[in-house]
Amino acid sequence: MESHWASIIAGIGEDLDRPGLKDTPKRAAKAFEFLTRGYKQSVDEVVNNALFPSDSNEMVLVQNIEMYSLCEHHMLPFIGKCHVAYIPTGKVLGLSKIARLVDMYARRLQIQESLTTQIAETILDVTEAQGVGVIVEAQHMCMMMRGVEKQNSLMKTSAMLGSFRSDQKTRDEFLSLLQLRQ
Ligand SMILES: Nc1nc2c(ncn2[C@@H]2O[C@H](COP(=O)(O)OP(=O)(O)OP(=O)(O)O)[C@@H](O)[C@H]2O)c(=O)[nH]1
Ligand SMILES: [Zn+2]
């Protein structure tokens with residue numbers, strides 16, 4: 001990646017030998033490795049068996065998980081929040097693991113719709129929940145810094161699985177819990 005960053009810097013007409021840019025290809029390569037580190041993670045490793053028996057069958061919501069991703073079209077950041085809810089059936093997932101799973105998928109090249117679905121399907125798969133609801137709201141730098149240059153548009157996507165899809169009351173409970181506190 002380092003040599004490719006050097007070509008990009010040369011490509012924009014910059015002087016690779018100027019002192020300020022001397023280590024930039026190396027830094028940029030390292031930064032991009034970090035920004036896409038989700039490719040090196042797996043669900044099993046992230047979850048680390050942190051599933052705990054519980055007889056709760058009430059909704060669990062983790063709200064406002066901050067999220068940084070890169071759009072797969074321009075490789076520019078999209079930044080926002082993710083809200084994840086599920087209804088357990090006998091076991092609950094370690095709280096931090098929900099945020100770690102969000103990060104694992106966010107730290108890849110993504111479109112927001114796929115990111116949302118991947119998070120929801122994984123939580124359903126891991127917890128064997130009765131249902132899962134995921135909402136992502138994000139601002140896309142490719143729409144702000146360039147292109148159509150809209151500073152205030154917010155993209156909201158949702159994925160509703162199981163009872164969150166089939167049962168209107170569950171869906172309503174999710175949305176009202178979300179509104180209790182922003
Ligand atoms: N659906 C969806 N579209 C996205 C996402 N991130 C970026 N895009 C869009 O991907 C599209 C790519 O369109 P193209 O016409 O191929 O590329 P472009 O010429 O750079 O498009 P503009 O952004 O309109 O200048 C744009 O409309 C982006 O807004 C995302 O997460 N979901
Ligand atoms: Zn984009």
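The centres of domain 1 and domain 2 sit 33 Å apart, taken over C-alpha atoms. Domain 1 covers residues 2-35 and domain 2 covers residues 45-180, with bounds that come from an automatic or database domain assignment. Keep in mind that this is a predicted model, where local features need pLDDT of at least 70 and side-chain atom pairs count only at pLDDT 80 or more, while totals for chains, interfaces and linings use all residues. Residues are numbered from 1 along each chain as its sequence is written, and chains are lettered from A and ligands numbered from 1 in the order in which they are written.

**The overall picture**

Along its principal axes, the C-alpha trace spans about 65 × 35 × 25 Å. The protein has eight helices and seven strands. Here helices (H or I, at least four residues) and strands (E, at least two) are DSSP runs, numbered from the N terminus.

Of the 182 residues, 27% are buried. That word has a cut-off: a residue is buried if 20 or more other C-beta atoms lie within 10 Å of its own, exposed if 12 or fewer, and partly exposed in between, with C-beta atoms placed from the backbone.

What about contacts? Two residues are in contact if their C-beta atoms, placed from the backbone, lie within 7 Å. Among the contacts with a separation of 6 or more, 70% link residues 24 or more positions apart.

UniProt, in an unreviewed entry, lists residues 1-178 as "domain: GTP cyclohydrolase I". UniProt positions are given in the numbering used here, feature names are shortened, and annotations may be inferred rather than shown by experiment. The span 1-178 is 42% helix and 28% strand, and its end C-alpha atoms lie 41 Å apart.

**The sheet**

In which order do the strands of the open sheet come? Five strands line up as E5-E2-E3-E6-E7, with mixed pairing. E5 and strand E7 (155-162) are the edge strands, each pairing on one side only. Two strands count as paired if DSSP finds at least two bridges between them. Strands of a sheet pair through backbone hydrogen bonds, either parallel or antiparallel.

Let's zoom in on E2 (residues 60-71). Nine bridges join E2 to strand E3 (residues 77-87), and the two run antiparallel. Val60, for instance, stands opposite Tyr86 in E3. E2 and E3 form a hairpin with five residues between them, and Met75 in the turn has a positive phi of about 55°.

E2 also pairs with strand E5 (residues 109-110), through two bridges, and this time the strands run parallel. Leu70 has Leu109 as its bridge partner in E5, and Cys71 has Gln110.

**The annotated site and the ligand**

Which residues does the UniProt annotation "binding site" (unreviewed entry) cover? They are Cys71, His74 and Cys142. Although they are spread over 72 residues of sequence, they cluster in space, with a largest C-alpha distance of 8.0 Å.

Cys71 belongs to strand E2, while His74 is in the loop between E2 and E3. Leaving out residues up to four places away in sequence, Cys71 touches Leu76, Phe78, Gln110, Ile111, His140 and Cys142.

Now for ligand 1. Around it are Cys71, His73, Ile111, Gln112, Glu113, His140, Cys142, Met143, Gly147 and Val148. A residue makes this list if its C-beta atom, placed from the backbone, lies within 6 Å of the molecule. Helix H5 (112-127) and helix H6 (141-144) are the elements that give two or more residues to the shell.

By class, the shell holds five nonpolar, four polar and one charged residues. Ala, Val, Leu, Ile, Met, Phe, Trp, Tyr, Cys and Pro count as nonpolar, Asp, Glu, Lys and Arg as charged, and the others, Gly among them, as polar.

**Loop residues and exposure**

Ser42 lies in the loop between helix H2 (24-35) and helix H3 (43-47). Its C-alpha atom is 19 Å from that of Phe32, 10 residues away along the chain.

Most residues other than glycine have a negative phi. Glu128 has a positive phi of about 50° and is found in the loop between H5 and strand E6 (131-140). Glu149 also has a positive phi of about 50°, and its place is in the loop between H6 and E7.

Here is how some residues score on exposure:

| Residue | Other C-beta atoms within 10 Å | Class |
|---|---|---|
| Cys71 | 19 C-beta atoms | partly exposed |
| His74 | 16 C-beta atoms | partly exposed |
| Glu128 | 13 C-beta atoms | partly exposed |
| Ser42 | 9 C-beta atoms | exposed |
| Glu149 | 8 C-beta atoms | exposed |
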